[in-house]
Amino acid sequence: MAPKASKGGKAAKQNEGPTEAEEPLQAVVFTDSHEGRFIPFTYSQPRCRLKLANTPLIEYTLEWLASVGVQEVFVHTAGNHSEQVEAYLEQSRWQDTFDSLRTITSAATSIGDAMRDLDEKGLMKGDFISVYGDLVANIDISAALSSHKTRRLKNKDAIMTMILREAGDYHRTKDQHNRQCFVIDSDTSRCIHYEQVRPRKSPRLDIPAEVMKDHVDIDMREDLIDCGIDICTPDSLAQWSDSFDWKRPRKDFVHGVLQDYETFGRTIHTHIVKEGYAARVNSLRAYDAVSKDVVSRWTYPYSPDMNMLADQTYQLAKGNVYREDRVTLARSSSIGRRTVLGEGSSVGEGSVIINSVIGRRCVIGKRVRVENAYIWDDAHIGDDTVVETAIVANEVSIGKKCHVKRGALISQGVKVADGVVVEENMRLAKIERDDDDEVVQGVTDPKIVGEGGEGFLIELNEEEEEVYEALLAGVQDMDLVEDDDDDSDFDSDDEDGAEYEHEMVPAARSGSFASVASNESEEGAELKRKKADFVRTATDSVLDGMTKKQNEDNIQLELQSHRLAENAEDSWIREAVATAFSRYIVALTENEEEPQKPKVAAEAAIMTNQRLITACVKEAGEQAEFLLFLQIDLLHRQQGGEVLLHAAYVLAIEDFVDSVGLQEWWDDSRSSRTQELQDLRDKAEGVVTSMVAAAAAESSEDEESGEDEDDEDEDDE
């Protein structure tokens with residue numbers, strides 16, 4: 001629970017003596033972001049009430065506001081679900097936590113409209129915090145509030161402070177399709193230019209000449225998470241009202257204020273936080289990423305076992321497994337790491353749950369496999385069914401012997417008949433909105449949900465969803481298309497470390513997360529050349545830095561400059577870093593003056609430069625890809641097998657890769673495409689086998705521990 005007796009709220013005031021009257025710290029929470037990225041789930045409920053790790057999103061937001069001392073909260077809601085939001089808050093504990101909690105309903109169709117509505121109502125008494133109802137954060141903003149207040153005393157034209165979280169270039173909650181670049185005056189923290197960069201479409205930043213002329217020391221930052229936390233002034237609301245066509249906080253408001261600086265002199269500043277967690281759940285990709293972070297305790301104390309809701313009873317077990325009371329597990333079932341099990345749910349004989357969130361009162365049948373999935377309350381999964389990397393919403397029924405494939409989204413109340421395959425990236429719903437924006441029952445399509453099923457396939461257009469984002473980050477979002485232009489297994493025109501060529505194809509905007517690009521197109525050939533050039537340059541840069549024993553942060557900064565210059569993709573970075581490590585470790589073993597053994601060289605190289613790895617390697621798919629690139633570069637190098645063995649061991653034992661990542665690499669057909677690659681990979685078989693076995697044993701221990709607890713409970717009864 002959020003503290004009530006330290007930074008604000010009713011409890012804090014009881015212990016305060018007479019002080020000079022101060023304006024209460026206010027906050028406004030926008031529960032409607034005016035886009036449809038969570039369709040079809042938001043047909044029947046607002047995004048802020050969708051559950052993340054079995055807790056409504058808005059609970060995380062309000063917990064954080066209470067923790068930073070907010071006393072008065074205005075929840076601004078618009079659209080079809082305003083009554084739901086208001087009813088939920090009226091019955092919540094937050095009415096007693098804050099001095100004031102008020103819901104404001106309007107007909108706003110954008111954040112700009114909502115800001116103008118706030119200005120018209122005149123509710124903000126002073127500076128206030130602006131956030132969205134999908135924020136998950138634990139950062140401390142006391143320094144930001146103090147700096148903002150001091151700045152305002154000196155300059156009334158400093159109308160807003162954006163709070164940004166430093167997170168490196170490759171944080172999985174960042175949108176890789178649309179990257180934000182902040183140009184900041186190093187001395188004053190003033191934002192002097194803002195731009196959104198689209199990889200391969202934005203060749204350069206369009207910074208006005210006068211900005212470069214007037215500011216000598218500037219930082220160009222693309223490594224920041226902008227989760228919409230702003231400290232605003234009433235003057236900022238007036239700017240919204242004066243510009244009736246502004247709709248978006250960054251593209252319109254920030255860009256407009258910066259553009260008009262020479263005329264009006266108003267400024268926007270930044271405060272960069274280097275510790276703590278902050279992210280918005282503003283897309284399906286972010287939903288998956290933040291869910292994993294919550295379960296892995298990166299958002300502590302906001303993890304399931306905090307039991308934010310009064311009726312929650314989660315307890316933490318080994319492997320980040322969270323389990324509520326009255327969960328029934330068959331003795332032969334298996335619960336893997338990073339799993340959440342809600343109250344009243346049951347798992348049948350022989351079923352396996354891995355890295356997934358199971359809601360309350362769910363029934364998981366026999367011999368079911370659920371992996372990397374989100375099963376919401378009251379869902380039913382039939383016997384012998386597989387659910388992988390999908391969202392199954394409330395009261396959904398999946399029949400026996402079904403297969404719900406990667407990226408599928410199944411909305412509330414859908415019924416899938418026995419034996420049906422729900423293909424990748426399908427969105428199924430039971431209800432829809434008609435031309436009058438009313439929720440109506442859709443027409444069931446038996447070809448999609450089977451005979452006796454209920455539901456239909458949703459085809460989204462570009463107006464409903466500007467960017468069709470994948471459910472998972474990294475290589476799981478894309479198809480890896482092997483290059484078939486050359487009869488040879490390798491492309492001899494590329495450098496040593498890039499012989500094994502493949503392309504990353506971005507997710508489609510239509511109904512599929514993956515699309516296949518033509519290798520024969522001129523655009524594809526140009527992209528291939530651009531990638532090869534970047535990997536070559538970036539590899540040389542990283543290798544040179546490690547050889548000269550430069551600080552790893554400086555090496556990372558140089559790598560970032562290359563990335564900004566070329567709008568490089570994440571996979572290109574991983575390939576460059578993996579190739580550089582391969583060559584550096586081999587160089588250490590071949591040093592004429594003092595050659596090192598592969599084991600010593602691998603440990604020295606990785607541990608000295610570990611931040612280069614952690615910056616671009618996080619999830620299992622990224623781990624597998626990094627190992628694949630390492631393997632490819634070591635293929636024809638002296639002691640390549642020994643180096644791969646010891647590098648894989650260090651990466652695993654130091655938790656840079658886990659058993660899932662190792663297994664994905666081992667199972668990847670590209671790692672054994674030729675006999676030479678397979679022979680090289682086999683050198684590391686012992687590492688893979690032992691790590692996977694250890695993970696399985698730990699899972700088994702957790703299972704036995706859970707069974708013992710159940711037996712004890714039965715004995716007590």
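## Aromatic pairs, a parallel sheet and a few unusual backbones

Trp-240 is buried, and Phe-253 is buried too. This is a predicted model, and these two residues make a good place to start a tour of it.

A search of the whole structure turns up twelve aromatic pairs. One of them brings together Trp-240 and Phe-253: the ring centres are 5.0 Å apart and the planes meet at 10 degrees, so the pair is stacked. The contact links distant parts of the chain, since Trp-240 belongs to helix α8 (residues 234–242) and Phe-253 to helix α9 (residues 249–259), 13 residues apart.

What is the arrangement of the rings of Trp-665 and Trp-666? Their centres lie 6.3 Å apart with the planes at 85 degrees, so this pair is edge-to-face. Both of these tryptophans, Trp-665 and Trp-666, are buried. Trp-666 has a charged partner as well: the charged end of Arg-681 sits over its ring, 3.9 Å from the centre. A similar arrangement is found at Trp-94, where the charged end of Arg-93 sits over the ring at 4.0 Å from its centre.

Aromatic residues also gather in a group. Phe-38, Phe-41, Tyr-287, Tyr-374 and Trp-376 form one aromatic cluster.

Let us turn to the strands. Six of them make up an open sheet with parallel pairing, in the order β17-β20-β23-β26-β29-β32. Which strands form the edges of this sheet? They are β17 (328–329) and β32 (415–416), each of which pairs on one side only. At the β32 end, two bridges join that strand to β29 (residues 397–398), and the two run parallel. Within this pairing, Ser-397 stands opposite Lys-415 in β32.

Among the helices, α18 (residues 620–634) deserves a look. Its 15 residues reach 21 Å from the first C-alpha to the last, close to the 21 Å expected at 1.5 Å a residue. Is α18 largely enclosed or largely open to the outside? Of its 15 residues, 15 are buried, so the helix is largely enclosed by the rest of the structure. As a general reminder, an α-helix has 3.6 residues a turn, so residues three or four places apart point the same way.

The backbone has some details worth checking on screen, starting with two cis peptide bonds.

| Peptide bond | Geometry |
|---|---|
| Ile-39 to Pro-40 | cis, omega near 10 degrees |
| Tyr-300 to Pro-301 | cis, omega near 10 degrees |

Both prolines can be placed in loops. Pro-40 lies in the one between β1 (26–30) and β2 (51–52), while Pro-301 lies between α11 (284–295) and β15 (315–317).

Positive phi values come next. Arg-338 is not a glycine, yet its phi is positive at about 50 degrees. You will find Arg-338 in the loop between β18 (334–335) and β19 (339–341). Asn-372, another residue other than glycine, has a positive phi near 55 degrees. Its loop runs between β24 (369–371) and β25 (374–375). Why does Asn-372 count as buried? Its relative accessibility is 15%, and buried means under 20%.

Key. Residues numbered from 1 in each chain as written. Predicted model: local features only at pLDDT ≥ 70, side-chain atom pairs only at ≥ 80, totals over all residues. Heavy atoms only, no water. Phe/Tyr/Trp six-rings, centres within 6.5 Å; stacked < 30°, edge-to-face > 60°. Helix = DSSP H or I, 4+ residues; strand = E, 2+ residues; numbered from the N terminus. Buried < 20%, exposed > 50% of the residue type's maximum accessible area, 1.4 Å probe, protein only. Lys NZ or Arg CZ within 6 Å of the ring centre and 35° of its normal. Pairing = 2+ DSSP bridges. Expected span 1.5 Å × (residues − 1).
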